[in-house]
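This report examines how side chains pack inside one protein chain. Please look at the sequence and the structure before reading on.

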Amino acid sequence: MELVKAPSWTKWGVVALISLGTILNYLSRNALGVLAPTLKAQLGFSTAQYSYVVGAFQLAYTLMQPVCGLVIDLVGLRLGYALFAALWSAAGMMHGTASGWLSLAGWRAALGFSEAAAIPAGIKAVGEWFPVEQRSVGVGWFNAGTSIGALLAPPVVIGLSLAFGWRAAFVATGAAGFIWAALWWLVYRSPEDAPPAPRPSRMAIKEMSAIARRPAFWSIAVPRFLAEPTWQTFSFWVPLYLYQVRHMDLKSIALFAWLPFLAADLGGVFGGYLSPFLVRRFGTGLIRSRVAGVCLGALLMIAPGCIGLARDAYWAIALFCVGGFAHQMISGLINTLTVDVFPAETRAGANGLVGMAGWTGGLLFSLAVGALSDTLGFGWLFACLAVFDILGAVLLIAASAGPRPVLQAIA
């Protein structure tokens with residue numbers, strides 16, 4: 001049963017609140033990537049060890065996405081999201097106590113365990129509040145919080161670090177989440193202001209198992225597996241690339257490294273509106289309108305695939321901007337597909353499982369970057385990202401084609 005009885009301003013208020021939480025989530029997690037050059041120097045670890053720190057977050061996040069989704073489905077958005085936000089705030093602040101790459105990796109894992117709730121919670125909220133024809137728009141706007149947080153990270157984190165030190169930057173970006181957790185608990189209510197019907201945990205786990213056996217799940221999960229390495233690379237490796245390969249200092253990174261995330265905001269919102277436009281203007285089916293946007297994004301990913309050929313840092317940043325725009329189109333529409341094809345009572349869990357597939361791809365790719373970038377260079381990895389997204393788009397076309405497609409929208 002879809003709960004969309006509230007007036008439109010209430011729906012958009014929910015999106016604004018979810019987006020604010022996502023902004024603070026991504027500001028906290030992206031502080032590591034922004035501070036990577038400083039941390040490597042002051043804590044004395046190698047590029048490979050940095051990849052282990054990144055991997056600790058990614059592994060924890062990967063494993064916890066379906067768990068967080070299941071918890072939110074069971075206890076409801078209000079309690080579940082407030083709890084996880086408080087936990088990620090504490091973990092983010094504790095980064096400031098790190099004394100080496102091992103302790104930093106430990107706190108990074110704690111952050112991943114708790115921040116994994118953000119996207120499943122946002123997807124569930126959109127599914128509760130938005131009718132089917134507006135879901136991609138709602139997802140596009142709330143998903144913009146991911147790139148706004150990443151956009152703010154270079155100037156905010158570097159500014160705090162230069163003024164007060166890198167430890168204070170972690171503490172400040174982490175502490176902001178506590179304020180949002182309290183706001184969420186005080187403000188958020190479900191559309192009908194009723195708690196979710198309790199379900200035995202064993203039944204919920206069975207539902208998760210049933211989701212994983214559906215061909216529709218794999219039709220979404222595999223393209224997400226292929227797409228997610230792009231965002232992980234942008235979040236955790238681009239500042240280090242600009243520092244090591246393009247020889248930009250921290251002030252220059254603060255001035256320019258946010259631009260790809262601004263482009264990502266625009267791409268996520270554009271993809272959200274593109275889908276209903278295709279439905280209205282050309283009569284494209286709901287699922288195929290989502291897939292068409294993914295295909296456009298995949299073609300645009302050819303541009304960042306050529307970053308290794310860029311003649312200077314500014315051309316590289318311009319190509320990163322195209323990549324940010326393209327990826328958030330792809331990401332938002334793939335996330336929307338989980339709302340389209342899974343029932344309301346399992347959406348957070350289903351999105352968590354899809355996210356787990358995506359972050360598995362991101363984790364494996366980050367470890368490959370850490371092991372090979374110093375010897376092979378970064379150019380090859382940017383080319384791989386374009387190939388991955390094109391392959392994912394082809395798989396989605398196959399899943400949505402034919403008289404009885406694997407991907408079908410529910411009411």
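A nonpolar core is a set of buried Ala, Val, Leu, Ile, Met, Phe, Trp, Tyr and Cys residues joined through side-chain atoms within 4.5 Å. The model discussed here is predicted.

**The nonpolar core**

The largest such core in this model contains 123 residues. Leu39, Tyr50, Trp184, Leu242 and Leu407 have the most contacts inside this core. Helix 1, which spans residues 8-43, supplies the largest share, namely 14 residues. Leucine 407 illustrates the packing: apart from neighbours within four places in sequence, this residue is in contact with Ala216, Ser219, Ile220, Ile287, Leu337, Val341, Leu396 and Ala399. In soluble globular proteins, nonpolar side chains tend to be buried together.

**Aromatic pairs**

How many aromatic pairs does the structure hold? The count is 29. Two of these pairs are set out below.

| Pair | Centre to centre | Angle between planes | Arrangement |
|---|---|---|---|
| Phenylalanine 57 and phenylalanine 236 | 5.8 Å | 70° | edge-to-face |
| Tyrosine 241 and phenylalanine 320 | 5.8 Å | 85° | edge-to-face |

The pair of phenylalanine 57 and phenylalanine 236 links distant parts of the chain, since its members are 179 residues apart. Phenylalanine 57 belongs to helix 2 (residues 47-75), and phenylalanine 236 to helix 9 (residues 215-236). Is phenylalanine 57 buried or exposed? Phenylalanine 57 counts as buried because its relative accessibility is 0%, and buried means under 20% relative accessible area. Phenylalanine 236 is likewise buried, with a relative accessible area of 1%.

In the other pair, tyrosine 241 lies in helix 10 (residues 238-244) and phenylalanine 320 in helix 14 (residues 313-341), so the pair ties together parts that are 79 residues apart in sequence. Both tyrosine 241 and phenylalanine 320 are buried. These two residues also belong to a cluster linked by ring pairs, together with Phe45, Tyr50, Phe234, Trp237, Phe378 and Phe382. Tyr50 thus appears in this cluster and among the core residues with the most contacts.

**Charges over rings**

Two arginines lie over aromatic faces. Arginine 78 is placed over the face of tryptophan 185, at 3.7 Å from the ring centre. Arginine 281 is placed over the face of phenylalanine 282, at 5.3 Å from the ring centre.

**A pocket**

The second largest pocket encloses about 160 Å³ of space. Eleven residues line this pocket, and Thr10, Val14, Trp129, Val187 and Arg189 lie nearest its centre. Helix 1 provides the largest share of the lining, five residues; helix 1 also gives the largest share of the core.

Terms used. Residues numbered from 1 in each chain as written. Predicted model: local features only at pLDDT ≥ 70, side-chain atom pairs only at ≥ 80, totals over all residues. Heavy atoms only, no water. Buried < 20%, exposed > 50% of the residue type's maximum accessible area, 1.4 Å probe, protein only. Helix = DSSP H or I, 4+ residues; strand = E, 2+ residues; numbered from the N terminus. Contact = heavy atoms within 4.5 Å. Phe/Tyr/Trp six-rings, centres within 6.5 Å; stacked < 30°, edge-to-face > 60°. Lys NZ or Arg CZ within 6 Å of the ring centre and 35° of its normal. 1 Å grid on protein atoms, 1.4 Å probe; cavity = no way out; pocket = protein on both sides within 12 Å on 5 of 7 lines; lining within 4 Å. Points joined across faces, edges and corners; volume = space filled by probe spheres on them.
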